[in-house]
Amino acid sequence: MILSKLTNKLSKSLLFCSSIFLASTFFNVKTFADNTDIQAIENNLKDDVFFLFRSSKPLSVTDKMQEIHLPGASVAVINDGKLVWAKGWGIANAETGLDVDENTLFQAGSISKPVGALAALKLVEEGRIDLDTDVNQYLKGWKVEGKKLKKDNPVTLRHLLTHTGGLTVHGFPGYAGQDIPSTVEVLKGAGNTARVEVKESPGSKWSYSGGGYTVMQKIVEDITGLSFAEYTDANILKPLGMTSSTYQHDLPEDLKVRASAAFDRNGNMFQQVYNNYPEKPAAGLWTTPSDIAQYVIHLQNIMNGDSSGILKKETLSAMFRKHKNDWGLGPEMSDRNGKLVFGHGGKNLGFTNNFRAFVNQGDGFVVMTNGDSGGALINALMLSISDHYKFGLLE
């Protein structure tokens, strides 16, 4: 039934271009893109090798969604420093019949990390914390511990942001009910994951750790006296112009009515609609592709000399510097044809996302989906967008 509804709705929307958010004062946003560009991308996906051998017929976004049982997807494209177009396809909620459009909110998953990292970096700029000081100096009521931890080699904020602190807990499954643990309870292992502790000597190796980002969450809360959501929503998201984004558990009504449900790999909506994530900078951001594009353009503008941005260029330059495993202070880093690229993937229950953009060039894209099967569409769309605009963002 869901797939039948999806087919009908997708076929009606295929020929139409969605409008873009109104521009904020910081951004020069082109309201409508050339339909020719959009249709060329959405009707000629660059799929992977396996599927290229299956058929010579070009794949469309809607073809691919039906093939992989993906209810909904949304994309935003940045070209020459502008958000040139955004569009959504499919169903956001199988029970209410809500469609996906460019205003639909998705759970960002781990894309929460590079956005949330800005909260810690802002406190660094203000001199309230330091990147290379023992984080236990900032933590109240809970301390980083572990057999591998030594006084002469403590865990630092730089370690936390670059996944080199040797900390446990790769990721978080979220909570289906309302009994959501506090930050300290998560760190102590009183939720549905193990306690966060040092398992490797800090700085010795790269090991992805959502637990490390939850330690960063505790630092921000202890230094500011606010919840991570309260501090970051007011001091990071709002100044960035991310008006459709929040780290709050309970979505404000104006955002809740636009929030997508989560779907499994077969296109079935989860009974609880979606999970909640108290591990805010690790997995707790609600947002849209257009808002992530705002974040990207804001950082690109700073790197290109705009002094009115949320952070100084020196801070961002440090953020974009590669550490172990090509990781920056939040984003994943790479090089394409000698140009520095930043980005991050995101995976929560029923949500799959990705973004990639140049650091010093105003091009990039964001793709968000509301299904566990979304990865295949994301890969195909990113390849098609990069190829169409000749970005050279992907291999």
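Which residues of α5 are buried? In this predicted model, the buried residues of α5 are Ser112, Lys113, Pro114, Val115, Gly116, Ala117, Leu118, Ala119, Ala120, Leu121, Lys122 and Leu123. That is 12 of the 14 residues of α5, so the helix is largely enclosed by the rest of the structure. Two lysines, Lys113 and Lys122, are on the buried list. The helix covers residues 112-125. At 1.5 Å a residue it should span 20 Å, and its end C-alpha atoms are 20 Å apart, which agrees. Just after α5, Gly127 takes a positive phi of about 75°.

The chain as a whole has 14 helices and 8 strands. Of its 395 residues, 57% are buried. Among contacts with a separation of 6 or more, 69% join residues 24 or more positions apart.

Nonpolar side chains tend to be buried together in soluble globular proteins. Here the largest nonpolar core has 79 residues. Val215, Ile292, Tyr295 and Phe342 have the most contacts inside this core. Its largest share, 8 residues, comes from helix α12, residues 289-303. Another core lies apart from it and has 27 residues. Val61, Ile378, Ile385 and Tyr389 are among the residues of that other core.

Phe342 illustrates the contacts made by a residue of the largest core. Leaving out residues up to four places away in sequence, Phe342 touches Tyr295, Val296 and Leu299, among others. Further partners include Phe320, Pro331, Glu332 and Met333. Phe355, Arg356, Ala357, Phe358 and Val359 are also touched by Phe342. Charged residues thus appear in the list alongside nonpolar ones, with Glu332 and Arg356 among the partners.

Helix α12 has 15 residues. From its first C-alpha to its last it reaches 21 Å, close to the 21 Å expected at 1.5 Å a residue. Of these 15 residues, 14 are buried, so α12 is largely enclosed by the rest of the structure. Gly305, just after α12, takes a positive phi of about 105°.

Most residues other than glycine have a negative phi. Asp80 has a positive value, near 55°. It sits in the loop between β1 (72-79) and β2 (82-90). Asp80 is exposed because its relative accessible area is 59%, and exposed means over 50%. Asn337 is also a residue other than glycine with a positive phi, near 55°. Its place is the loop between β5 (332-336) and β6 (339-348). The relative accessibility of Asn337 is 72%, so it counts as exposed.

A search of the whole structure finds 2 cavities of 30 Å³ or more. The largest cavity has a volume of about 50 Å³. Its lining consists of Gln107, Gln248, His249, Asn275, Asn276, Tyr277, Lys280, Gly284, Leu285 and Trp286. By class, this lining divides into 3 nonpolar, 6 polar and 1 charged. The second largest cavity holds about 40 Å³ of space. It is lined by His159, Leu160, His163, Thr164, Gly165, Gly166, Leu167, Ser207, Ser209 and Gly212. This second lining has 2 nonpolar, 8 polar and no charged residues.

Terms used:
Residues numbered from 1 in each chain as written. Predicted model: local features only at pLDDT ≥ 70, side-chain atom pairs only at ≥ 80, totals over all residues. Heavy atoms only, no water. 1 Å grid on protein atoms, 1.4 Å probe; cavity = no way out; pocket = protein on both sides within 12 Å on 5 of 7 lines; lining within 4 Å. Points joined across faces, edges and corners; volume = space filled by probe spheres on them. Helix = DSSP H or I, 4+ residues; strand = E, 2+ residues; numbered from the N terminus. Expected span 1.5 Å × (residues − 1). Buried < 20%, exposed > 50% of the residue type's maximum accessible area, 1.4 Å probe, protein only. Core = buried A, V, L, I, M, F, W, Y, C linked by side-chain atoms within 4.5 Å. Contact = heavy atoms within 4.5 Å.
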